[in-house]
Amino acid sequence: MHFTLRSGQRDAEQLVAIVLLATLVALLFYSTAVERLNFILYDTALKVRPLAPLENTAIVAIDERSLSELGQWPWPRQIHAQLLTLLHQYNSGPVAFDIIFAEPDASGTEHDLALALAMKQHAQVYLPVHIFPRHAGSTLTEVLPLPELMTSAAGLAHVHVELDQDGIARGLFLHQGIGSPHWPALALTLAEAYLPERLLPHPPSPAQADTPAYVMAQAGYLGIRFAG
């Protein structure tokens, strides 16, 4: 025995299926389920295929031991100058500071001058640009190093990373700045200057003429493949 659906009944069932499918898509779109799944897949991929750090890379960290031996932060910049002098004697490669040197040294301007001189002698020192509101409720500001340090640096670059909804940093923008994405990321600057053979091609950041002069402009988001 065969039953044939009437045309109206088939249309109604198709409509119900379309509504259910659209509802499911909307729920997935407006919920965080897809985003959480993407985070899990990304984190799992990093663990399955770990990336070994370069053997000639070193991190000089400000930790509890150094604070106990050298005193509380901030240290006189003569200490940073001594580090650069030692690295220069050992013919080190480029040095990237993740420290904002925007204010004069409270211990005396001679410490700033000593750091600037050490930077010139090393000739491969890069300093960060920090973008944030200086005061609560104020607009964003590009905080630059002191002029004497800025002129002694081999280059300036931004050091911002992006936090996902779960508070974990998995990526950054290759270019970023107020009004236009004119500052390259610090890692990108170092790679272009010293490791061009390991750098994958990336398109230039597009001009964003419609971005207001006080708004953060970003371009070229890239997921970080963490090493170590």
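His122 sits in helix H5 (residues 109–122), where helices are DSSP runs of H or I with at least four residues, strands are runs of E with at least two, and both are numbered from the N terminus. This is a predicted model, so to speak: local features need pLDDT of at least 70, side-chain atom pairs count only at pLDDT 80 or more, and totals for chains, interfaces and linings use all residues. Residues are numbered from 1 along each chain as its sequence is written, and side-chain values use heavy atoms, with hydrogens and water left out.

Back to His122: it is buried, at 5% relative accessible area (buried is under 20%, exposed over 50%, partly exposed in between, with a 1.4 Å probe and protein chains only). Leaving aside neighbours within four places in sequence, His122 is in contact (heavy atoms within 4.5 Å) with Leu84, Leu87, His88, Ser92, Gly93 and Val95.

Now for the strands. E2 (residues 125–133) pairs with E4 in the parallel sense over four bridges; pairing takes at least two DSSP bridges. Across that pairing, Leu127 stands opposite Leu156 in E4. In a regular strand, side chains alternate between the two faces of the sheet. Here is how E4 (residues 155–158) looks, face by face:

| Face of E4 | Residues | Status |
|---|---|---|
| One side | Gly155, Ala157 | Buried |
| The other side | Leu156, His158 | Buried |

So both faces of E4 are covered.
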